[in-house]
Amino acid sequence: MMRLLGAHSIRHKLMAGVLLTTVSALLILGTSVVVYDLRDYHERLLNDLTTQAQLIGSASAPALQFGDPQLAGDYLGLLRFRPQIRAAAIYDAKGALFANYVSKVAEQRDFPPLPDVDGEQVSGTTLTLFKRIIHNNEILGTLYLRAHYQLYDRLWQYAGIVLAVTLLALVISMLLSLWLQSRITRPILAVTGLARQVAERRDYSLRAEKSTDDEVGYLVEAFNELLSEVGRRSAELESSNSKLQQQIRERREVDRALHDSERRHRTLVTALTSVVWIADANGDFGPEQESWDSYTGQEPATHRGRGWLDAFHEGDRKLVAEAWEQARNQRKPLELEVRLWHEDTATYRYVFLRAVPLLDAHGKLIEWIGTAEDIDERRRAAREIRRLNAELEQRVSERTAELKRAVKELQAFSYSVSHDLRTPLRAIDGFSLALVEDYGDQLDDTARDYIDRVRSGAQRMGQLIDDLLKLSRVSRADLSCESLDLSEMAESIVAAMRDNDPEREVEVRITSGLSAYGDARLMRIALENLLNNAWKYSGKAEQAVIEFGMRSYKGEPCYFVQDNGVGFDMAYVDKLFNAFQRLHDGSEFPGTGIGLATVQRIISRHGGRVWAEGSVGGGAVFYFTLPGQPGAKT
C-alpha cells in the first residue's frame, strides 16, 4: 500500500488515509460483531440440542431397557415442537435402529446405518449430534439428532448489512476528506511546488507566501528562513570547494590503501586454522614464521630458537619439549594434541601438532616441516556429544522405570477387575437362579423373561471380564519361542471343535507340514480364535468349508485361515481387530469382540502382522505373517 501511494500527492494520501481508516474500522467492528453472533448462535444451538438429547435419552432409557420402540417413538415425536430439528433416531446398544422421527419439512429422511461416537458434526446447512444413552453406568443406546443449521444464512445477511454501512461511510468520509484538503493541503502543496523550483533552478532567492497563522504558516516562515541560510552557506561552500577537492582525493587514496591492508590482514588471520612452520635440524625457529606469528601473536624476537615453546600452555610445555627432543633424536614424526595460544581469541586452543623430518639424498637431516591444526571446536563438539549421550541414557533409564511402574499398575488393575467384578456378578447370577428354582411357579412368563435377561447379562459380563484378562495376559506374557508344527496344532483345535459340536458337518482342509518359530501357548490361542471364528461364521453355509494353509500374498509368503461363511463388508475392515468391535448381531453370532484383538496382539508381539479380506455373503480370509517363518516342510 505504501508503494502504491508513494508517487501520489499528499492530497491523495490524505483522502486515502481517511477512507482506509473508515473502512478498516467498520470492517473490524462488523467482523467482530458477525463472528461473535455466529459463534453465539452455534453454541446456543449446540447447547440446545445437547439438552434435548439428554432429556430424550433419560426419558427413553426405560423404553430401551424393556424393548419398547413405540414408547421411544412417542418421546421422539415431541420434537415436532422444535421445528429446527428435522430428524431424530434412537439406536440400541448393538447399533440397530430402535425408533426414529422425521419432521414434515425434512429434505433428507434416511439415517446412518450405525451410530457414531459422541459428538457433533456440521455439513453444509445440517448439524448432526450423537449422544450415548447411559443409565446406571450402562450404555443402553445412542441418540441421533439432525437439525437445520442457519449459520451460513445469517452470515450472508450480516455481510449485506456490513457492506451497505461501509458504502455509506465511504461517501461521508470522502466529503470530509474534500473539506480537509481545501483547509490543509493547499498551503502545503504551495510550499512543495516552491521547493521543487528551488531544487531545479538552484535559486535560493525565492520565497513562499504565508496565508495562515497556524502550524502551516509557521512551516512557511521556517522554510523561507531555511532558504536564506542555505543560500548563504552555499556561497561559502562554493568558495572553499576547490580547496577541499584535492585534500579529499588524497585522503580517499590513503583510506583505500589502509582499508585494503586491514582487510587482507583480517582475512589471513581468520583463515589460519592450520599453522605451517619450519625449524632447522636442531629444532630451532628461524626469523621468518609468518603463519605461526599471525596465529600466536609472537614476534621473531620471541619465537627465535626455542622461544616458540612459550606459546604453548604452561601445563603442556614440558610434554612438547620432551616429545620434540625424542622425535629429533630418533628422526621420527611428531604428533601431539596440546593447547596453543590464539591471539585473535585471546585463549589457549587445542591444536594437533605434527612435525616431519626432511632428509637429503644421503639421509642427512636438513630441517623440520610442521603444522598446527586447530581442533578446539572438534573437541568441544565431541564433549557435547558425550554429554548428550549421557543425558539420553539417563532419560531412557527414567522412561524404563516409568514403564515398569505402569506395568505393575496394570497388573494390579487386572487383579482388581478379576476379584472385585466377578463376586457381584456371581451373586447376581446365583440369586437369579435361586429365584427361578424357589419361586418359579409364582412367576409369570414376563418375570421369567426378565430374570433370564439378568442372568444372560451377568454371564456375558463374566465372559467379557475373562476375555479382557486374557487379552491383558497376552500383552504381558514373556515369549518363549521354539519351532512349532502349526498343522498339528490346527488339527488338534479342529478335533476339539468337532467334539464340542458333533452335529455339524464341516469340511476342514489343513495343509500338512506347516511350521513356524514362536511361542507355542500364544500361537495356539491365536489359531483357536481364528479357527473358532471360521467355525462360527460358516454355521449358516449349506456346505461349510474351512481351510488353513500358506500362500503368496503380493509376493509375500503368509499363513491364512479361510471360510465360506457370512463374510463382512470391507468398508468396516479397520474395526475388525479393535476390542469390542463387532460387525454382526450378538444374538445371531454370540461373542464379545475380543478374539481378533487378541490375535492381533499375539502376531504383533511376534513381529508379524495380520489383516483380513472378505465380502458380504462371500466368506472371509484372515492372513498373518511371522518373521523368519520356515513355511511348509518338504
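Trainee: Which residue in E9 does isoleucine 278 stand opposite?

Mentor: This is a predicted model. In it, E6 covers residues 274–280, and 7 bridges join E6 to strand E9, residues 365–374, with the two running antiparallel. The residue in E9 that stands opposite isoleucine 278 is isoleucine 369.

Trainee: Which strands stand at the edges of the sheet E6-E9-E8-E7?

Mentor: This is an open sheet of 4 strands with antiparallel pairing, in the order E6-E9-E8-E7. Two of the strands have a single partner strand each, so one side of each is left without a neighbour in the sheet. Those edge strands are E6 (274–280) and E7 (334–342).

Trainee: Which helix packs on that sheet, and what angle does its direction make with that of E7?

Mentor: Within the sheet, neighbouring strands are turned by 30° against each other on average, direction ignored. Helix H8, residues 317–330, packs on the sheet and touches E6, E7, E8 (347–359) and E9. The direction of H8 makes an angle with that of E7 of about 140°.

Trainee: Where are the edges of the sheet that contains E13?

Mentor: That sheet is open, with 5 strands in the order E11-E13-E14-E16-E15 and mixed pairing. One of its pairs is E11 with E13, joined by 5 bridges and running parallel. The strands that pair on one side only are E11 (506–510) and E15.

Trainee: What is the bridge partner of isoleucine 510 in E13?

Mentor: Strand E11 ends at residue 510, and E11 is joined to E13 by bridges. The partner of isoleucine 510 in E13 is phenylalanine 548.

Trainee: Which element gives the most to the largest nonpolar core?

Mentor: The largest nonpolar core has 38 residues, and Phe548 is one of those with the most contacts inside it. Helices H11 (486–500), H12 and H13 are among the elements that each supply at least two residues, as are strands E13 (544–553) and E16 (620–624). In general, nonpolar side chains tend to be buried together in soluble globular proteins. With 9 residues, the element that gives the most to this core is H12.

Trainee: Which residues of H12 and H13 meet, and how many charged residues does the contact have?

Mentor: The axes of H12 (residues 520–537) and H13 (residues 595–605) come within 9 Å and cross at roughly 145°, in a left-handed crossing. Leu522, Met523, Ile525, Ala526, Asn529, Leu530 and Asn533 in H12 meet Gly595, Leu596, Thr598, Val599, Ile602 and Ile603 in H13. By class, the contact has 9 nonpolar and 4 polar residues, and the charged residues number none.

Trainee: Which residue in the list of those with the most contacts inside the core is in contact with Met523 and Ile603?

Mentor: The list holds Leu486, Leu531, Phe548, Leu576, Phe622 and Phe624. Leaving aside neighbours within four places in sequence, one of these is in contact with Met523, Leu527, Leu530, Phe548, Cys558, Tyr559, Ile603, Arg609 and Val610. That residue is phenylalanine 624.

Trainee: Is asparagine 136 buried or exposed?

Mentor: Asparagine 136 is found in the loop between E4 (126–135) and E5 (138–148). Its phi is near 55°, a positive value in a residue other than glycine, whereas most residues other than glycine have a negative phi. The relative accessibility of asparagine 136 is 66%, and the cut-off for this class is over 50%, so asparagine 136 counts as exposed.

Trainee: What is the relative accessible area of asparagine 137?

Mentor: Asparagine 137 is found in the loop between E4 and E5, and has a positive phi of about 65°. Asparagine 137 is exposed, with a relative accessible area of 80%.

Technical notes: Residues numbered from 1 in each chain as written. Predicted model: local features only at pLDDT ≥ 70, side-chain atom pairs only at ≥ 80, totals over all residues. Heavy atoms only, no water. Pairing = 2+ DSSP bridges. Axes fitted to C-alpha atoms, helices over the stretch in contact; angles between N-to-C directions. Contact = heavy atoms within 4.5 Å. Left-handed = near helix turned anticlockwise from the far one by under 90°. Nonpolar A, V, L, I, M, F, W, Y, C, P; charged D, E, K, R; others polar. Core = buried A, V, L, I, M, F, W, Y, C linked by side-chain atoms within 4.5 Å. Buried < 20%, exposed > 50% of the residue type's maximum accessible area, 1.4 Å probe, protein only.
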